[in-house]
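Here is a friendly walk through one protein model, meant to be read with the structure open beside you. Have a look at the sequence and the fold before reading on.

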Amino acid sequence: MRDRLSNAPQRCLAAKRPATPLVEITGLCKWYGEFNALFNINLSVSTGEKVVVCGPSGSGKSTMIRCINQLEAHQAGTIKIAGREVTPKMKNLKDIRCDVGMVFQSFNLFPHKTVIENLTLGPVRSRRLANSDATELAMHYLRRVQISEQADKYPAQLSGGQQQRVAIARALCMKPKIMLFDEPTSALDPEMIAGILDVIIELAEGGMTMICVTHEMGFARKVADRIVFMDAGEIVEVAAPEIFFNNPQTDRAKLFLSQLLGH
Ligand code: ADP
């Protein structure tokens, strides 16, 4: 579902999108002390849409997606998930973390728990599932990421690629409305990267809404409905992949792409 208007300025995109986007970020600003890490971020993501976020290191990509599930608190602007505003209140946070699955660069599994325990913890605690139902759910998603035979191992006994599969399955066990990926392949050995991207591509093709921060531009071309390019804490360009890669509009995006793609 490519957006014909993807090369239009952001304000036009906002006007043409459905009334209640799944994620709606308006005027988002974030400071770390005196440092302004995000400035006036506006972004709407519709149900089923796949957005790839790219940009130079330190441009605020990770901070932006961490604000969506409040791993970072913002100081100005609003974030809404399915129409409900995200706030740091405990009850709200719990609901958000059920709706928003997050996969990190460094997996973030509990090292002292087995794979199956890592997967069942959230559904039992937050979704109040019975242990047996949570285990069934966990095995379903472990099979889906092709790693069910590792269920009783500890994270340290797995390769990086296997750990990331577990992390993806863990997020899916919460039945999220949207998945956020923060450079999911950056910590992996090169031979593991394609397998993880294939898992994410399969999820995308299954209709999962996602925002993915990545430098994997082949993946971005294949999966993204829109590319969001960030620099220095701002969204600088939003465009369909074929437009972003073939005809970037700003000098900043041109420089980024020339450095990344080597031409
Ligand atoms: P990206 O994901 O694009 O590499 P980040 O969102 O991680 O960028 O960081 C954006 C900016 O905010 C960077 O300059 C980074 O140094 C700064 N930053 C990130 N996290 C913190 C923090 N916890 N405290 C202070 N500065 C931070």
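The report below covers salt bridges, the ligand site, a pocket, a cavity and two backbone angles.

## Salt bridges across the chain

Please keep in mind that this is a predicted model. Searching the whole structure turns up eight salt bridges. One of them brings together the side chains of Glu72 and Lys30, with 3.5 Å from N to O. Glu72 sits in the loop between helix H2 (61–68) and strand S4 (76–81), while Lys30 belongs to strand S1 (residues 23–32), so this pair ties together parts that are 42 residues apart in sequence. Are these two residues buried or exposed? Both Glu72 and Lys30 are buried.

A second salt bridge links Lys177 with Asp99, and here the closest N and O atoms are 3.4 Å apart. Lys177 comes from the loop between helix H6 (160–173) and strand S7 (178–182), and Asp99 from helix H3 (residues 90–99), so the pair ties together parts 78 residues apart in sequence. The two partners differ in their surroundings: Lys177 counts as partly exposed at 39% relative accessibility, whereas Asp99 is buried, with a relative accessible area of 8%.

## One more pair, and a network

Glu234 and Arg252 also form a salt bridge, their closest N and O atoms being 3.8 Å apart. Since Glu234 lies in strand S10 (residues 234–239) and Arg252 in helix H10 (residues 251–261), the pair ties together parts that are 18 residues apart in sequence. Glu234 counts as partly exposed, at 29% relative accessibility, and Arg252 is partly exposed too, with a relative accessible area of 35%.

Which residues are joined into one network by salt bridges that share partners? They are Arg84, Asp95, Asp99 and Lys177. You have already met Asp99 and Lys177 as a salt-bridged pair.

## Around the ligand

Now to the ligand. The residues around the ligand include an unbroken run in the numbering: Pro56, Ser57, Gly58, Ser59, Gly60, Lys61, Ser62 and Thr63. Tyr32, Phe35 and Ala37 complete the list.

Where does the backbone come in? An oxygen atom of the ligand lies 2.7 Å from a backbone N or O atom of Gly58. For Ser62, a polar backbone atom is 2.8 Å from a ligand oxygen, and for Gly60 the corresponding distance is 3.0 Å.

## The largest pocket

The largest pocket has a volume of about 690 Å³. It is lined by 24 residues, and those closest to its centre are Arg97, Phe110, Gly122, Arg170 and Met174. Four elements give two or more residues to this lining: H3, strand S6 (100–103), helix H4 (115–125) and H6.

Which element provides the largest share of the lining? That is H4, with six residues. By character, the lining of the largest pocket divides into 14 nonpolar, six polar and four charged residues. H3 and H6 may sound familiar: Asp99 is in H3, and Lys177 is in the loop between H6 and S7.

## An enclosed cavity

Rolling a probe the size of a water molecule over the atoms shows where empty space is left. In this model, the count comes to one cavity of 30 Å³ or more. About 40 Å³ of space lies in the largest cavity.

Its lining is made up of Arg144, Val145, Leu172, Val199, Glu202 and Leu203. Helix H7 (residues 190–205) gives the most to the lining of this cavity, with three residues. Four of the lining residues are nonpolar, two are charged and none is polar.

## Two backbone angles to look at

Most residues other than glycine have a negative phi. Asn40 has a positive phi of about 50° although it is not a glycine. Asn40 is placed in strand S2 (residues 35–45) and is partly exposed, with a relative accessible area of 41%.

Ala232, likewise not a glycine, has a positive phi of about 50°. Where is Ala232 found? Ala232 is in the loop between strand S9 (226–231) and S10, and at 56% relative accessibility Ala232 counts as exposed.

Note on methods:
Residues are numbered from 1 along each chain as its sequence is written. This is a predicted model: local features need pLDDT of at least 70, side-chain atom pairs count only at pLDDT 80 or more; totals for chains, interfaces and linings use all residues. Side-chain values use heavy atoms; hydrogens and water are left out. A salt bridge is a side-chain nitrogen of Lys or Arg within 4 Å of a carboxyl oxygen of Asp or Glu. Buried means under 20% relative accessible area, exposed over 50%, partly exposed in between (1.4 Å probe, protein chains only). On a 1 Å grid over the protein atoms alone, a cavity is a set of points where a 1.4 Å probe fits but cannot get out, and a pocket is an open set with protein on both sides within 12 Å along at least five of seven lines; lining residues have an atom within 4 Å of a point. Grid points are joined across faces, edges and corners, and a volume is the space filled by probe spheres set on the points. Ala, Val, Leu, Ile, Met, Phe, Trp, Tyr, Cys and Pro count as nonpolar, Asp, Glu, Lys and Arg as charged, and the others, Gly among them, as polar. A residue is near a molecule or strand if one of its heavy atoms lies within 4 Å of it. A polar contact is a pair of N or O atoms within 3.5 Å; within protein, one must be able to donate a hydrogen and the other to accept it, and residues adjacent in sequence count only if both atoms are side-chain atoms.
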